[in-house]
Structure formats: C-alpha cells, structure tokens
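Visitor: Could you show me how to read a sheet and its cysteines? I would like the general idea, then the case here.

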Amino acid sequence: MARKCILIVLDGLGDRSYPEFAGKTPLEAAHTPTLDEFARRGANGLFHAGHVGTPFSSENAHFPLFGYDQCDFPGRGALEALGAGVDLAADDVALLAHFVCLHERPEGVLLEQDDPKAEDIFYARLASQLEPFHHDGMTASFHRTKGRFGIIQLSGKPSVHITDTNPMVDGRFVSDIQPWAGLDPEEARIAHQTAECVREYLTYIHHALRDVPENIMRTESGLPPVNGMVTQRAGRLKTVMPFSHRFGLRGGLIASGSMYRGMGKYLGMQVLDQIQDHDPEVELAGRLQLAASLLDDFDFLHVHTKAPDQAAHRKDPLCKKNVIEALDKAIGRSAGALVDNPDVLVIVTADHSTPSRGPLIHSGEPTPVVMLGEGVRCDRVKRFSEIDSAAGVLGLVRGTELFHLVLNHLECATLTGIRDTPEAVLFWPGRYQPFRFSTRGDS
C-alpha cells in the first residue's frame with residue numbers, strides 16, 4: 001500500500017454546461033487523455049468541501065482538504081496577514097483590503113471601479129500617504145502586500161464579527177460595516193465599536209487620497225481617482241493542532257500566494273519553493289517535478305494551480321477549456337512516474353467550482369475527484385469529468401472525508417474507539433509513551 005500522497009488541486013476546475021460545447025462543461029469538452037487515463041485506472045467520485053450547492057472560497061475549501069474542520073478556520077484576512085509577514089498579536093483582527101475608485105452619491109458610496117489597473121508604484125505612493133489611525137481605543141493600520149491589495153490590521157481587542165464593505169461588482173453601492181446579528185450583548189458592543197473604527201478609518205483614507213498629485217493627474221486625464229478602500233473577510237488567528245501532530249504526516253505545500261503561505265504556517269505545513277510561470281502547463285509541470293523530488297522528505301504534498309479558476313473569472317468558457325487541456329499535458333509530462341510508483345497515492349480534484357459565465361464568483365456544484373494507488377478500488381469510469389466521475393465508486397465525498405480516505409490508503413487511519421495518546425489524533429499508531437511496570441515491587 002501507498003506510504004506517500006500527492007494531492008493535485010486544479011483550483012476552480014468544476015463548471016456548468018454551455019451551448020457552445022453542446023451542453024457540456026469546459027472539462028467535458030476538453031481533450032484530456034491523461035486525466036481520462038487516470039479515471040480508467042482509479043477510483044472516481046465527486047468532491048464538495050461542505051454542503052452541495054454552497055459556493056466555497058479556496059481558503060475555506062482547502063481546510064477540509066487538509067483534514068481540518070471549519071471551526072479551525074481563522075478567517076482569510078488572518079491567513080493573508082500571516083503569509084505576508086504582518087505581525088499579528090493574539091487579539092488583533094486582519095481584514096483584506098484593496099484600493100478602489102469610489103463615487104459619493106446622496107444615497108451612498110458607489111464602487112465605480114474595483115480594478116483601476118494602475119502601476120505598482122502608484123499604489124505604493126497611495127499607501128505611503130496613510131498613517132496609523134486611532135479611534136476609541138482601537139488602532140487601524142494598512143499593510144500593502146501586492147499591487148492594490150493589502151491588509152488592514154486592527155488592534156486594541158477588536159471584534160472579528162463585522163460585515164464586509166466590498167460589493168465585488170462595479171456599479172454597486174459599498175455595503176455598510178455592521179456587527180453580526182445574534183451576538184451576546186458584550187460581543188455586540190465590541191463589534192459595534194469595531195465597525196465604527198473601520199468606518200472612520202475608511203473615511204480617513206478617502207479624504208487622505210482625494211488630493212494626492214497622482215489622483216489629480218488621473219482626473220485630468222479623464223480617469224476616476226483611486227480614492228478609497230473596500231474590506232472583506234475579517235479574521236483572527238486561533239490555536240490549532242499542527243498537521244504533523246494531528247495526522248502523523250510531514251506535510252508540504254507547493255502553491256503560490258500569501259494566503260497559501262499563511263495557511264501553511266498556520267497549520268504547521270512547510271511551504272516549499274514556488275515555481276511560477278505565465279504558462280500554466282510549464283508551471284504545473286514544474287511543480288509536479290518538484291513534488292516528485294521531495295518524496296523522501298514529505299508524506300503528504302499539496303500541488304496547486306490557480307489557472308482554471310483564473311480562466312473562469314474571465315467569463316470565457318473556451319479560455320477555461322484551453323487551460324484545462326494545457327494542465328492535462330502538464331500532468332502527462334510530469335506525473336507518470338508518480339502514478340506508477342506503488343508507494344504513492346495520487347489524488348486529482350478541485351477545491352470548488354468556478355462558473356465561466358454569470359454573476360457568481362464561485363458556484364456550489366461538486367467537482368470530480370480521482371484516486372490512484374496500489375489497493376485503490378478501480379471502477380468502470382472512463383472519463384474524468386463532472387458527469388462521468390459521478391458514476392464512480394467513491395460517490396459523493398464531502399468535507400474532511402477526502403482526507404480520511406488519504407489516511408485510510410496510507411494505512412495509518414485510527415480505528416474508531418482506539419485511544420493510545422492523551423491527545424485526540426487521527427493516525428495510528430499514535431506517538432504514545434511506552435508502558436513501564438510499577439517500581440513498587442510485589443508487596
């Protein structure tokens with residue numbers, strides 16, 4: 001049986017059917033000989049990170065992929081901050097934030113343009129205008145991470161239970177910051193105080209950016225000024241059992257982006273050198289080759305590509321089909337030795353579905369999953385797709401069930417009812433203390 005696992009995540013792979021593909025999805029329409037061969041050789045099914053029909057973000061979907069429940073999730077803002085090197089205290093809250101073009105109207109503030117497409121140096125100049133802001137015992141500060149994106153760090157024991165301001169679509173009004181409903185009176189008070197702090201800080205940012213020379217130049221050129229920020233996904237770090245302690249596996253991530261760096265740090269998984277390339281085939285092939293070279297050092301390797309998700313966000317089904325075909329070539333070039341290695345369990349799936357048309361950012365349909373390895377039950381599925389995979393032996397795999405299947409096929413799953421360590425771990429045998437006879441003697 002396998003001793004190592006390679007989890008290949010094709011981000012946002014799942015999709016909907018489109019008339020230009022005669023009612024097929026981009027994956028169904030794509031020429032994918034490698035993935036189809038995987039389907040013929042392995043166990044197939046569908047995966048959803050939670051309840052079918054519920055759209056998941058990448059960060060929320062990856063938590064169950066790594067065997068963790070949503071209660072362990074600290075919020076995207078906290079993961080991004082951790083990955084970007086922002087020093088968060090235990091009580092701090094981090095919000096995702098980015099520069100936008102706003103237009104003030106009597107009925108509210110309109111998001112005129114979410115992506116102004118300015119140079120990096122322009123956003124660096126805007127960020128340099130912003131000072132730490134103090135309000136009612138709390139402090140807000142902005143840490144730019146890349147381009148127009150950054151983190152707003154709140155200190156002074158703020159609440160994480162506040163709503164987003166980002167409407168995510170141009171031409172919509174920015175949503176007000178409010179406390180969540182259903183909080184106890186004390187938490188509601190702190191959440192209200194936090195919302196007021198963020199509202200005042202965003203107002204300060206708007207006034208600070210209105211008259212910078214760069215925005216005056218944009219206005220004179222007929223472009224809207226980059227004169228504000230929107231926020232979302234507040235988070236606060238929690239304490240979780242590290243990956244190696246919980247599962248007895250040495251885990252590594254081969255992925256790009258501060259969120260995945262932060263997730264690796266948070267879960268105690270090593271974030272490995274990131275191979276990045278504008279060509280998705282070259283990038284994924286390089287990452288798979290890196291994974292193959294690291295099998296002696298790790299028991300579980302996550303190999304990730306964002307390319308299908310990025311293609312779908314262009315709202316062009318043909319673009320996504322082409323990307324899928326390129327990734328299939330990459331897997332064919334670099335994963336052959338992995339699937340032929342009896343010590344390796346190979347899994348290919350996606351974290352969520354991303355529709356290539358329509359208003360939704362992500363959608364709630366399940367995605368295909370295939371497992372290949374010695375001892376894995378082989379079914380009669382011949383193609384890797386959202387439709388064909390549904391007939392596979394795995395059925396519908398939800399949440400952390402996929403990672404439990406990993407433990408099962410790596411021969412280290414704990415038998416229900418067994419407990420050999422004080423901590424509730426999910427692998428067997430646990431790292432238990434050896435038994436010793438009492439020194440009191442026979443008397």
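Guide: Gladly. Strands (E, at least two residues) and helices (H or I, at least four) are DSSP runs, numbered from the N terminus, and two strands pair if DSSP finds at least two bridges between them. This is a predicted model, where local features need pLDDT of at least 70, side-chain atom pairs count only at pLDDT 80 or more, and totals for chains, interfaces and linings use all residues. Residues are numbered from 1 along each chain as its sequence is written, and side-chain values use heavy atoms, without hydrogens and water.

Visitor: In what order do the 8 strands of the open sheet run?

Guide: Strands of a sheet pair through backbone hydrogen bonds, either parallel or antiparallel. Here the order is β10-β9-β11-β1-β12-β13-β2-β14, with mixed pairing. β10 (270-271) and β14 (395-398) each have a single partner strand, so they stand at the edges with one side lacking a neighbour in the sheet.

Visitor: How do β9 and β10 pair?

Guide: β9 (residues 251-254) runs parallel to β10, over 2 bridges. Leu-253 has Val-271 in β10 as its bridge partner.

Visitor: How many disulfides does the structure hold?

Guide: A disulfide is a pair of cysteine sulfur atoms within 2.5 Å. The count is 0.

Visitor: Why is Cys-5 without a bond?

Guide: Because its closest cysteine sulfur, in Cys-412, is 10 Å away, too far for a bond. Buried means under 20% relative accessible area (1.4 Å probe, protein chains only), exposed over 50%, partly exposed in between. Cys-5 is buried at 1% relative accessibility, and Cys-412 is buried at 10%.
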